[in-house]
Amino acid sequence: MADIILGIESSCDDTSAAVIRDGYLLSNVIASQQVHKDFGGVVPELASRAHEQNIVPVVSQALRKAGVKASDLTAIAFTRGPGLLGSLLVGTSFAKALSLSLGIPMVMVNHLHGHLMAGFVREDGKPVREPSFPYLCLLVSGGNSQIVRVDSPLEYEILGQTIDDAVGEAFDKCSKMLGLGYPGGPVIDRLAKLGDPLRFKFAKPHIPGLDYSFSGVKTSLLYFVRDRMAEDPSFLENNKEDLCASFQKTLVDILMDKLIKAARQTGIREIAIGGGVSANSGLRSRITEEGLRRGWNTYLPEFKFTTDNAAMIAVAGYFRYKAGERTPLDVAPVSRSAEF
Ligand code: KG4
């Protein structure tokens, strides 16, 4: 009998539900919350309220699009954390209620594990191209910047991670500082395409091992712009594109330096990326170039699987379900990965 898994994702500001049958995607519905735009960042209280409003219609639509009834489901995979607690509570409570009413098991998924597994969502009519184990995944989002060694669908080890800001946060905070809007990543990416990446230089961190740091480069941009604006008040307006291109190049260089080091140290040549920042065009082309130069097999997720989505949660949950994992009804969401 086929395994039909409903995935639920509500860790931040996207309410998402997806259905997969034996690993193949049947539907993936995402309601992105627009209420945060005016605030320049996600407002946790507003996010929880919007999830509460969205969750029932989003799940209903996912089932309808998949052409399955709730009674056809085999199990429910849901994001337990990390993320905003109020947001996670909505998805977790919904999963519990549905599991209880349908009499089917639920399987908790670490949101980051979902991003690591995004490359394993299969779609009918599309060629299957998945990394073989072990592979390295550069996991880059608004909350995380990590290099992870993935040994199997269930086993992974963090080899390095940021000691302060995540790279997505650096994109977002600098965009806000430059008055370019939120979320900053896509705006900076778009402007960077029009600018000269070699025009300005920003300080890069010297952090030992495979860890990252992004708070210094953010400060470096801040001081640089402040000093130039003191001399020429129109500096920012006249140099926006070059600033974005140079800043983005610096962030991509920092990410790539450690990824190259990790590949060298582990001898692993299967290289994937995941998380919201993996949509960045500069990062995508750099990783492809380095892959060609270094003999890596590189795996870039489709754009729809880079940001938060329930398809990746469903597929990560599917592997866990097949391995016999079940989550009891008294489970509580957790805001930090360390609590898993
Ligand atoms: O994975 P995600 O949707 O949410 C979590 O943080 O969990 O990632 C959101 C982050 C934001 O910081 C956003 O600015 C960044 O991904 N992002 C990008 C791009 N698209 C989204 N960063 C750089 N370039 C992009 N094209």
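Which residue has a polar side-chain atom 3.4 Å from an oxygen atom of the ligand? The tour below leads to the answer; please note that the model is predicted.

**Select the ligand.** Begin with the ligand and its pocket. The ligand is located in the largest pocket. Around this part of the model, α3 (111-117), α4 (167-177) and α5 (184-192) are the elements that each contribute two or more residues to the shell around the ligand. Colour α5 next: with 4 residues, α5 gives the most to that shell.

**Select the surrounding residues.** The ligand is surrounded by 20 residues, and the closest are G142, D172, D189, G276 and N280. Sorted by class, the shell consists of 12 polar, 5 nonpolar and 3 charged residues.

**Select D172, then N280.** In the side chain of D172, an N or O atom is 2.7 Å from an oxygen atom of the ligand. At N280, the partner on the ligand is a nitrogen atom, which is 3.0 Å from an N or O atom of the side chain.

**Select D308.** Here the opening question is answered: the residue is D308, with a polar side-chain atom 3.4 Å from an oxygen atom of the ligand. Now display the surface of the ligand. The ligand taken alone exposes 550 Å², of which the protein buries 87%.

**Select the two domains.** Finally, give one colour to domain 1 (4-127 + 305-322) and another to domain 2 (135-302). Why does the ligand lie between them? Both domains give residues to the shell around the ligand, and therefore the ligand lies between domain 1 and domain 2.

Note on methods:
Residues numbered from 1 in each chain as written. Predicted model: local features only at pLDDT ≥ 70, side-chain atom pairs only at ≥ 80, totals over all residues. Heavy atoms only, no water. Near = heavy atom within 4 Å. Polar contact = N/O pair within 3.5 Å; in protein donor to acceptor, adjacent residues only side chain to side chain. Areas by Shrake-Rupley, 256 points an atom, 1.4 Å probe, with all protein chains shown as cover. 1 Å grid on protein atoms, 1.4 Å probe; cavity = no way out; pocket = protein on both sides within 12 Å on 5 of 7 lines; lining within 4 Å. Sits in = over half its atoms within 2 Å of the grid points. Nonpolar A, V, L, I, M, F, W, Y, C, P; charged D, E, K, R; others polar. Domains from an automatic or database assignment.
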